[in-house]
Amino acid sequence: MAMLALGLACPAAFADERVALVIGNGDYKTERLDNPLNDANDIAAALRQAGFKVIVRTNANTRELRQAVREFGTELRRADVGLFYFAGHGMQVDGRNYMVPVDAKINDEADLPFELVAMDIVLQRLAHHRITNVV
């Protein structure tokens with residue numbers, strides 16, 4: 001699953017500050033994915049060329065994923081453009097989308113809030129800074 005959220009407060013050509021969070025998770029214990037790391041690195045390189053400050057996390061566990069989102073939120077305070085990219089396992093439950101960290105251990109639905117990271121927190125970070133969201 002690859003997800004991209006792009007926020008634009010002004011056209012990219014006129015943006016002063018651009019920040020991106022790029023995550024590529026592939027080293028899952030049960031269902032390993034081959035492409036997310038390459039995809040994340042390629043996207044990060046292209047964004048750097050486009051003038052973005054890029055926060056990259058690969059094979060992020062739950063703590064690392066939550067910390068990266070927190071760091072992204074902090075960087076958005078100074079940004080005119082915010083972009084989020086996720087490649088890895090994801091799931092939707094009851095209309096909510098989740099990113100799956102590489103260390104997630106899900107036995108049943110009750111584990112979801114503890115083991116997964118809700119996309120809502122990324123979208124809230126973008127919305128909080130009055131950045132328009134495109135997913």
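**Fold, sheet and pocket of the predicted chain**

The protein chain exposes about 7,500 Å². Carbon and sulfur atoms supply 47% of that area. The model is predicted. Buried residues account for 41% of the 135 residues in the chain. Among contacts with a separation of 6 or more, 68% join residues 24 or more positions apart.

The secondary structure comprises four helices and eight strands. Along the sequence, these elements follow the pattern β-β-α-β-α-β-β-β-α-β-α-β.

Three of the strands form an open sheet, in the order β5-β6-β7. The pairing in this sheet is antiparallel. Strands β5 and β7 are the edge strands, and each pairs on one side only. In general, strands of a sheet pair through backbone hydrogen bonds, in either a parallel or an antiparallel sense.

The pairing of β5 with β6 was examined next. Strand β5 covers residues 90-93, and strand β6 covers residues 96-99. Four bridges connect the two in the antiparallel sense. One residue pair can be named here: M91 has Y98 of β6 as its bridge partner. The two strands form a hairpin, with two residues between them. Within this hairpin, D94 adopts a positive phi near 50°.

On the other pairing, β6 meets strand β7, which consists of residues 117-118. This pairing is also antiparallel, and two bridges support the assignment. M99 has V117 of β7 as its bridge partner. Y98 stands opposite A118, again in β7. Y98 thus appears in both pairings: it is the bridge partner of M91, and it faces A118.

Pockets were considered last. Rolling a probe the size of a water molecule over the atoms shows where empty space is left. The largest pocket of the model has a volume of about 240 Å³. Its lining consists of 14 residues. Of these, Y28, T30, V100, P101 and A104 lie nearest the centre of the pocket. By class, the lining of the largest pocket divides into seven nonpolar, three polar and four charged residues.

Taken together, the predicted model shows a chain of four helices and eight strands, an open antiparallel sheet ordered β5-β6-β7, and a largest pocket of about 240 Å³.

How values were computed. Residues numbered from 1 in each chain as written. Predicted model: local features only at pLDDT ≥ 70, side-chain atom pairs only at ≥ 80, totals over all residues. Heavy atoms only, no water. Pairing = 2+ DSSP bridges. Buried < 20%, exposed > 50% of the residue type's maximum accessible area, 1.4 Å probe, protein only. Contact = heavy atoms within 4.5 Å. Areas by Shrake-Rupley, 256 points an atom, 1.4 Å probe, with all protein chains shown as cover. 1 Å grid on protein atoms, 1.4 Å probe; cavity = no way out; pocket = protein on both sides within 12 Å on 5 of 7 lines; lining within 4 Å. Points joined across faces, edges and corners; volume = space filled by probe spheres on them. Nonpolar A, V, L, I, M, F, W, Y, C, P; charged D, E, K, R; others polar.
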